[in-house]
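Visitor: I have a few "how do you know" questions about this structure. Could you walk me through the reasoning?
Guide: Gladly, let's have it in front of us.

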Amino acid sequence: MSKIVELTDVRRTFVQGDITIEVLRGINLAVETGELVALLGPSGSGKSTLLQAVGLLEGGFSGSIKVDGEEVATASVDRQTEIRREKLGFVYQFHHLLPDFDALENVILPQLIADASPAAAHERATHLLNKLGLAERLHHRPSKLSGGEQQRVAVARALANRPKLVLADEPTGNLDEHTADVVLGEFMALVRGEGSAAIVATHNERLAAKMDRVFRLHEGVLA
């Protein structure tokens, strides 16, 4: 298998007045194509910061970040935007669905932005939502969906453009235990079925244990 993401000596430091805070302290991590990796740690351990580094969502990092073999930490802003659109998908604790659009439209829109044809985007969105058990909810807006259903739509949206890597930040943290288990199981099955890889940040040891590998982040150090 090939490495879809590789981090070498990634560091992130914040300065607050006279205090310097090392949030990430020399992170080394490689994730293979098709692999699901859990990033385990308590709130404030740096999990979200690490996902932001991989997702090219924030600057200020040092070290090497390669996505699909390409050094992206030093890439131009335009190239980083292309990489996010073409190779990365994102799922957050709060779904961030567009409230004025139904489930189907929420999954179609990112494909249209990526220049998919309306027909292809509709077919792809319908396929993903059906896979996630939402065949009867395609035309419901987020306010008419349960929390678990909303997060399923968010998962479908993340996979809409066939990303090579999905970054999920506490994707079930806002759900009850049973719903979290179901949604995570569907998420993992869909990611595997699509041939993607995933890094899932969580503080839940039970859910992390379902992944292929588990890394623990403590005080900016990965083990």
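Visitor: Which residues of helix α2 are buried?
Guide: Bear in mind that this is a predicted model. In α2, which runs over residues 77-87, the buried residues are Gln80, Ile83 and Lys87.

Visitor: What puts them on the same side of α2?
Guide: Their directions from the axis cover an arc of only 70°, and therefore they lie on the same side of α2. In general, an α-helix has 3.6 residues a turn, so residues three or four places apart point the same way.

Visitor: What do the buried residues of α2 pack against, and which exposed residues does the face turned away carry?
Guide: They pack against β4, β5, β6 (88-92) and β7 (165-169). The face turned away from the buried side carries the exposed residues Val77 and Asp78.

Visitor: How are the strands of the open sheet ordered?
Guide: Its 4 strands run in the order β2-β1-β4-β5, with antiparallel pairing.

Visitor: Why do β2 and β5 stand at the edges?
Guide: β2 (19-32) and β5 (70-71) each have a single partner strand, so one side of each is left without a neighbour in the sheet.

Visitor: What makes β4 and β5 a pair?
Guide: A pair needs at least two bridges. Strand β4 (residues 61-67) and β5 have 2 bridges, in the antiparallel sense, so they count as paired. As one example, valine 67 has glutamate 70 in β5 as its bridge partner.

Visitor: How do you know whether the length of α6 agrees with the expected span?
Guide: At 1.5 Å a residue, its 18 residues should span 26 Å, and the end C-alpha atoms are 26 Å apart, so the two agree.

Visitor: Which residues of α6 are buried, and which exposed residues lie on the face turned away?
Guide: Thr179, Ala180, Val183, Leu184, Phe187, Met188, Leu190 and Val191 are the buried ones. They cover an arc of only 170° around the axis, which puts them on the same side of α6. The opposite face, turned away from the buried side, carries the exposed residues His178 and Gly193.

Visitor: What follows α6?
Guide: Glycine 195 does, with a positive phi near 75°. Serine 196 lies in the loop between α6 (177-194) and β8 (197-202).

Visitor: Why is serine 196 called buried or exposed?
Guide: Buried means under 20% relative accessible area. Serine 196 has 2% relative accessibility, so it counts as buried.

Visitor: What does serine 196 reach and touch?
Guide: Its side chain reaches the backbone oxygen of proline 163 at 2.6 Å. The residues that serine 196 touches include Gly34, Glu35, Leu159 and Val191, leaving aside residues up to four places away in sequence.

How values were computed
Residues are numbered from 1 along each chain as its sequence is written. This is a predicted model: local features need pLDDT of at least 70, side-chain atom pairs count only at pLDDT 80 or more; totals for chains, interfaces and linings use all residues. Side-chain values use heavy atoms; hydrogens and water are left out. Buried means under 20% relative accessible area, exposed over 50%, partly exposed in between (1.4 Å probe, protein chains only). A polar contact is a pair of N or O atoms within 3.5 Å; within protein, one must be able to donate a hydrogen and the other to accept it, and residues adjacent in sequence count only if both atoms are side-chain atoms. Contact means heavy atoms within 4.5 Å. The expected span of a helix is 1.5 Å times one less than its number of residues. The arc is that of the directions from the helix axis to the C-beta atoms.
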